[in-house]
Amino acid sequence: MTEPETTCKGFEVNHLVKQYANADKPVLDDISFKVEHGSVLVVLGPSGSGKSTLLRTIAGLEPIQGGTISINNQVIDAGKPGTERAGRSDRSSELRTRIGMVFQSYDLFPNKTVLGNITMAPVLVQKRDKSEVEAEAIRLLGRVGLADRKDSWPHELSGGQRQRVAICRALILHPEVLLLDEITAALDPEMVREVLDVVLELAKSGQTMLIVTHEMQFARAIADHIILLDGGRIVEESYDAQAFFEHPQTERAQQFLHTFEFE
Ligand SMILES: Nc1ncnc2c1ncn2[C@@H]1O[C@H](COP(=O)(O)OP(=O)(O)O)[C@@H](O)[C@H]1O
Ligand SMILES: [Mg+2]
């Protein structure tokens, strides 16, 4: 893939600054990148580099203090100094549903069935027709290999199955951008694959995604575009995953990738 044009059909972050209350410096400092519609950005970086904070600000779960976040050239959040303590950004609920997110810990509601978990937000928040939503939920469950589990309770599922339900719960809101934050990090190794296969299939279907992962082979297979974060800044960016993994340009990237190698 080549570098995108200046006007971005897709998703864009410009000069984003995020600082938490009581911190003496920003955790994200002047971050800019574009994600073309239908492409996949993989965000890499060591622990504490700001990856989760980046995804949380994009999801509107944290206000930003500088810069902008846009979809199809429409600004959905702009930085406001003095908002370090606020709980969420002030974007509208309509704009909020345009970005979906799945977290590391499967946060399904324990007192709702699989179907109940997936259909709750579209019925209650988006006021969509219940039978139409249920039919779509069943289609989505089929797509992730869980057609027969719609009436199961979360505690009856494996971690990998719960993450696949969490993906359906995000997809049913038809997000323009899907954010995945280390969604296989808490899974037993044999369940990692079944979840990553679902994500690979989503990428093939053209879902725009930002993915934080420590699965390097998966990152290499799925990324159209990679950024490496360190200390809240982008230290390397590449539109060629193969080249990034084989010939990282910066010493920091070489060092980071080296921590995944065993010889
Ligand atoms: N709610 C918070 N309040 C204050 N500091 C935070 C908060 N969340 C994360 N941080 C700090 O921000 C930095 C980046 O954290 P995080 O985004 O979780 O990194 P990563 O996901 O790359 O491990 C860390 O130094 C972390 O301690
Ligand atoms: Mg994190």
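Two strands are taken to pair if DSSP finds at least two bridges between them, where strands (E, at least two residues) and helices (H or I, at least four residues) are DSSP runs numbered from the N terminus. This is a predicted model, in which local features need pLDDT of at least 70 and side-chain atom pairs count only at pLDDT 80 or more, while totals for chains, interfaces and linings use all residues. Residues are numbered from 1 along each chain as its sequence is written, and chains are lettered from A and ligands numbered from 1 in the order in which they are written.

Begin by selecting the open sheet of four strands, whose order is β2-β1-β4-β5 with antiparallel pairing. Its edge strands, each paired on one side only, are β2 (28-36) and β5 (74-78). Neighbouring strands of this sheet are turned against each other by 15° on average, direction ignored; axes here are lines fitted to C-alpha atoms, for helices over the stretch in contact, and angles run from 0 to 180 degrees between N-to-C directions.

Next, add helix α1 (residues 51-58), which packs on the sheet and touches β1, β2 and β4 (contact meaning C-beta atoms, placed from the backbone, within 7 Å). The direction of helix α1 makes about 65° with that of β2.

Within the sheet, highlight β1 (residues 10-18) and β4 (residues 66-71), which run antiparallel and are joined by five bridges. To see one of these pairings, pick F11, whose bridge partner in β4 is I71.

Now move to ligand 1 and display the residues around it, namely Y20, A23, V27, G45, S47, G48, S49, G50, K51, S52 and T53, each with its C-beta atom, placed from the backbone, within 6 Å of the ligand. By class, this shell holds three nonpolar, seven polar and one charged residues, with Ala, Val, Leu, Ile, Met, Phe, Trp, Tyr, Cys and Pro counted as nonpolar, Asp, Glu, Lys and Arg as charged, and the others, Gly among them, as polar.

Then select strand β9 (residues 225-230), where five of the six residues are buried (20 or more other C-beta atoms within 10 Å of their own, all placed from the backbone). Strand β3 (residues 40-44) pairs with β9 in the parallel sense over four bridges, and L44 has L228 as its bridge partner there. Strand β10 (residues 233-238) pairs with β9 in the antiparallel sense over five bridges, and L228 stands opposite E236 in β10.

Finish at the hairpin of β9 and β10, which has two residues between the strands and in which G231 takes a positive phi near 55°.

Definitions and conventions. Two residues are in contact if their C-beta atoms, placed from the backbone, lie within 7 Å. A residue is buried if 20 or more other C-beta atoms lie within 10 Å of its own, exposed if 12 or fewer, and partly exposed in between; C-beta atoms are placed from the backbone.
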